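Biologist: I have a two-chain model open on my screen and would love a guided tour. Could you take my questions one at a time?

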Amino acid sequence: MLRTLGRTMFGLIALSLPILPVVASADTVSSFTLDNGMQVVVIEDHRAPVVTQMVWYKIGRADEVAGHSGIAHFFEHLMFKGTEKVPSGEFSATVEKQGGDDNAFTTQDYTAYFQRVAADRLDLMMQMESDRMVNLNMSEEDVTTERQVILEERGQRTDSDPGNLLQEQMSAAQYLNHPYGTPVIGWRAEIAGLTRDDAIGFYRAYYAPNNAILIVAGDVKPDDVLAMAKKYYGPLPPSDKIKPRQRPQEPPQLAERRMVLADERVAQPYVARSYMAPERNPGDQKQAAALSVLANLLGGSGTTSVLTKALQFDSQTAVYSSAYYDGTSVDPQTFGLVVVPAEGVSLADAETAMDQTIAKFMKDGVNAADFARIKTQIRASQIYARDDAGGLARMYGEALAVGLSVKDVQDWPDVLQAVTPEDVMAAAALVFNRDQAVTGWLTTKEAAE
Amino acid sequence: MSARMLLKAAVLLLTFTAPLRAEVNIQAVTSPGGIKAWLVEDHGIPFTSLEIRFKGGTSLDTPETRGAVNLMTALIEEGAGALDSQGFAAARDGLAAEFRFNSDLDGVSVSSHFLTENRDQAMALLHSALTKPRFDQVAVDRVREQVLSGLRSDAKDPAAIAADLERKRSFGDHPYGSDGSGTIKSVTALTRDDIELAFHDAIARDRITVAAAGDITAAELGDLLDKLLGDLPAQGAPQPVEATLQTKGGITVENFPGPQSMIIFGQGGLRFSDPDYFAASLLNEILGGGRFSARLMTEVREKRGLTYGVSTSLASFDHAQMLMGQFQASNEKVAEAIKVIREEWAKVAKDGVTEDELANAKTYMTGAYPLRFDGNDTIASILVGMQDLGLTPDYPKTRNEKVEAVTLEDIKRVAARLIKPEDLHFIVVGQPTGVVNE
C-alpha cells in the first residue's frame, strides 16, 4: 500500500487513525500524590540517559467560558512569555542550551507542557516548570504579538486546509450542546478579541498543583523524582477554584445532519461520517475497548480491514478508506468513517457503498481470523511500546488528565484482550445510529455546481 | 531565587559538564556470506529493529517511466511468493511484525521491526517480499490509483506546488528536478514490466546499507542477513550523475487561492565531507534552526508575529547540496517576512554570529546529539545514515568534539563563503500582497 497518500488530504482525520493501544508494565511505573494535590507518575527506562518531564493541566478548550474560544490554547503559548526569574523566551532558550527540546499542546480536555533533556538536567527543568505554574508575568506587547502568531497558526492549520475546515464544521454540527463542538484553536473572531486580562484570569483560575499531573519518564529513580517534585512543586499553594468538570451534556440527538463543503482548493473529494460514541470511563472501559477493536476491524489495516477489502479489493469504489476512534476523553466522543472514492466514482455512490459495507458487517458479524490477528497485534504493541518512554509518558498523562486512574491505564490491555466478538457487535449496534451522525462531503467547486 | 541566580545555575551546568558523548556501542558485523552491517545490541525488550537502504531511489527512473521506483516500492508488500496482497498482510499482521517500504530521491528504505519469538518467520516473509514480489496486475492498478489520487491532491496543495517549482528551478532536467512520484501522465502509462525493471534497477546487493538494533546478537544478525539478503541480485542500475544547481536569486510567485501563502526559499549548501560542514551546521542552527531562539524564529515570529514558524536546514543529498527554508504567512505579511529574512541573510554573511550565539548553539547541538539515540527503530535508522555518510562506528564518541572545535572565526569565514544573499531565491505560492516576480 502507499504510505504517503493522504498526508495533507484528510487533515486531522489522518492523525486519529485507530492506533493500537499500548501500556507499560506495572513494575516500571510508580505514582504518588503531593500534599498540595499534585499527582506524580514516574516511568522508568534506564536504556538511555534521557528524561522527559511533562506537566498536564486538567483544563482544555471544552472548559473555556463561552465567547472566549481559544483561550486555553492561547494561554499555552503565553506560558513561554516569562516570569520574574526566567524572562520571556528564556525558558525555551535554557532547554535548548541543554540540548533539549520543549513544547506544549492543547486539546479539548487538557493542556500539557514537556521537555526532553539529558537525565541529569531534570532538576533545572522542574525548577523552571514549577516557577511558571504560578509566577507568569506577561507584558501587553507579548500578548499582542502572540495573538498574531496564533491567528497565523489558525490560518496555516485550518483556514488553508479545506479538509480541516470540513472537520471543524462537522464537529460543530455533531455537538448540539456540548462544548466539544468548538475547535481547540478557537473561532477566528473570538481569538482576535482575547485580551491580557482574559489570559490572567484564566491562569489564576486553573493553573495550580491540584489541577496538574507531573509525569517523568526515562533514566530516573522514583525516589529521586519524588524528592525533587516535593522541593519544587510541593511548596506551591493549591487553588480553591478547581471544581469537577461538569460541562453541558448532549440532549437526545434525533435527526441526522449532513453537509457539503465545496472549495476550489479541493483536488480529492471524500465522504466522512461521524457518530456519537461513549468514551473510556474510570473502572468501566469495556465499551470503549470494544469500539477500539471495532475501529481496527473496520479500518485499521490498509489491506485486510472490512472497509478496505470491500471498497478497494472486492470492488474498485475507493482509493482509501478508514475508521477511527479514540475514547480517551472526559465526555462522549465520536466514531468516524472516511472513504475517498476512486476516479469516476461519485460521493453519493461512495457513501452508499460505505453504508452497504457497514450493513453487511452488521449482518455477517466479526471474521474470526481478523479478530485473532488484532488480538495478537494488541499483545505485541505492549512489547513495542516499551521502546518509547516519551510515548508512555504521553499515554499516562492523557489518561490521567481525562480522569482515568493509573490502574485504568494498566488494566486497559486486559480489557482489550477480554473483548469478545459479541461485545464488538453490541458496540457497533450502539454507535451506528444515523440519528446521531453527521455526514460531510468535501468536494471541488466544479462538482458542486 | 533571583533571575540572575537561576541563569547562573544554568551556566554552571554548561561550563562544568564535559562534552556529552553518545553512549551507544556500535558493533560492525560481517555475515558469513560477506554482508556488512552495524549493530547496537540491547536485550532489554524482546524485539529487533532492522533498517535496510538501497542507494539510488527514485532518481533511477528514466524520464519516460518517472514514478516507477515509487510505485514499485509501494507494491513490494502487495503480495509475494504464494501470497497475494491480502495473504501477505494477514501473515505479517499475524506475526505482529511491521515492514515499511519507502522511496526518496536517493534511496529505497525498508524499515522493519519484529518480535524475537517469531523472528525467523517474520524474516522469511520479508525475504519473500524482497526476492519474489508478485506485482499482480490488480495490485499494480489499485496502488497506481492511490498514487494518482495523491498527485491530483498535490496539484492543489500549496506545499507540494512550491516544492515542485523549487525542484524544477534548481535542478532542471536532472531527476532531482521533478517529483519522484511521477506525473499523472507517466504514472498512468507505467506497465507491469516497468515495475519489474524498476525492482531490478533499485533492489540489489551493490547498493545496500544495513543496521540493526535490539534483541539480537552479532552471530544471529549475520545468519539473518545471509538468509534475508544473500540471494539478492549482485548488481542494479548505474547511479545518477551529479546535479547542477541553478543559483540565481529572486522571487517566483505562483497564484493560489487562500488566506495564506506557502514560501520555500533556498540557495546552495555544502557537502557533509566538506571540512567546513560542522561550522556550516552551527551557522544554520543559529540562523534558522527550529529553536525558538534562532535568528529567523526570533525576528519573524517572536518579534513581529508574521508566521507560526520558520526554519532552515542544510539539505545534503547524494548528488546536490542546498540550504533551504520554509514558512507560511498571511498574504499581507509575506512581503515583510521576505524582507526580514533577506536582511538576516545579508547580516549574517557580513558579520557572522556572536560569541554567545555560538556558545548556545554548541551546547544545543552537543547536548541534543546523545538524545537522538532513543529507541530501536531510531537507532537502526541513524546507523544506516552514518554508514551512508562514510563514517566509522566510533563516530558518536568523537562527533561532539568536532562541534566544539569550531571557532567564531570559522563561522565568520564559512558565513562569507556559504551565505549568498544574491543567490537566495523565494518561491511563493499564494496571493501575496505587494510581492512580484523578480
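Modeller: Happy to help; this is a predicted model, and we can go through domains, sheets, chain contacts and two backbone angles.

Biologist: Let's start with the layout. How far apart are the centres of domain 1 and domain 2 of chain A?

Modeller: Chain A is divided into domain 1, made of 12-18 + 252-448, and domain 2, which covers 28-232. Taking the centres over C-alpha atoms, the separation between domain 1 of chain A and domain 2 of chain A is 28 Å.

Biologist: Which element gives the most to the side of domain 1 of chain A that touches domain 2 of chain A?

Modeller: The contact involves 28 residues of domain 1 of chain A and 32 residues of domain 2 of chain A. On the domain 1 side, the elements giving two or more residues are α1 (12-15), β7, β8 (270-277), α14 and β11 of chain A. By class, that side has 17 nonpolar, seven polar and four charged residues. With eight residues, the element that gives the most is α14(A).

Biologist: And what does UniProt list for this chain? Over residues 40-185 of chain A, how much is helix?

Modeller: An unreviewed UniProt entry lists residues 40-185 of chain A as "domain: Peptidase M16 N-terminal". Over that range the end C-alpha atoms are 28 Å apart, strand makes up 18%, and helix makes up 42%.

Biologist: What is the distance between the end C-alpha atoms over residues 194-377 of chain A?

Modeller: This range is listed by UniProt, again in an unreviewed entry, as "domain: Peptidase M16 C-terminal". The chain there is 39% helix and 21% strand, and the distance between the end C-alpha atoms is 46 Å.

Biologist: On to the sheets. In the open sheet of six strands, which strands stand at the edges, and why is one side of each left without a neighbour?

Modeller: The strand order is β1-β2-β6-β3-β5-β4 (chain A), with mixed pairing. Each edge strand has a single partner strand, so one side is left without a neighbour in the sheet; the two are β1 (29-33) and β4 (101-106) of chain A.

Biologist: Within that sheet, what is the bridge partner of Val51(A) in β6(A)?

Modeller: Look at strand β3 (residues 50-57) of chain A and strand β6 (residues 212-218) of chain A, which run antiparallel and are joined by seven bridges. In β6(A), Val51(A) is partnered by Gly218(A).

Biologist: At what angle does helix α14 of chain A run to β6(A)?

Modeller: Two helices are worth comparing here. Helix α9 (residues 222-232) of chain A lies across β1, β2 (39-44) and β6 of chain A, at about 150° to β2(A). Helix α14 (residues 389-401) of chain A lies across β2, β3, β5 (111-118) and β6 of chain A, and its angle to β6(A) is about 160°.

Biologist: In the sheet of five strands, which strands of chain A stand at the edges?

Modeller: This open sheet has the order β7-β11-β8-β10-β9 (chain A), and the pairing is mixed. A single partner strand for each edge strand means that one side has no neighbour in the sheet, and these strands are β7 (257-262) and β9 of chain A.

Biologist: Which residue of β11(A) is the bridge partner of Val260(A)?

Modeller: β7(A) and strand β11 (residues 437-443) of chain A run parallel, joined by six bridges. In β11(A), the bridge partner of Val260(A) is Trp441(A).

Biologist: Now the other chain. Which element gives the most to the side of chain A that touches chain B?

Modeller: In total, 61 residues of chain A are in contact with 68 residues of chain B. Elements giving two or more residues to the chain A side include α3 (90-97), α4 (122-134) and α5 (140-159) of chain A. The residues of this side divide into 23 nonpolar, 21 polar and 17 charged. The most, eight residues, comes from α5(A).

Biologist: Is Phe135(B) buried or exposed?

Modeller: Phe135(B) is found in the loop between α4 (119-131) and α5 (137-154) of chain B, and has a positive phi of about 45° although it is not a glycine. The cut-off for a buried residue is 20 or more other C-beta atoms within 10 Å. Phe135(B) has 21 such atoms, so Phe135(B) is buried.

Conventions: Residues numbered from 1 in each chain as written. Chains lettered and ligands numbered in written order. Predicted model: local features only at pLDDT ≥ 70, side-chain atom pairs only at ≥ 80, totals over all residues. UniProt positions renumbered as here; feature names shortened; annotations may be inferred. Helix = DSSP H or I, 4+ residues; strand = E, 2+ residues; numbered from the N terminus. Pairing = 2+ DSSP bridges. Contact = placed C-beta atoms within 7 Å. Axes fitted to C-alpha atoms, helices over the stretch in contact; angles between N-to-C directions. Nonpolar A, V, L, I, M, F, W, Y, C, P; charged D, E, K, R; others polar. Domains from an automatic or database assignment. Buried ≥ 20, exposed ≤ 12 C-beta atoms within 10 Å, placed from the backbone.
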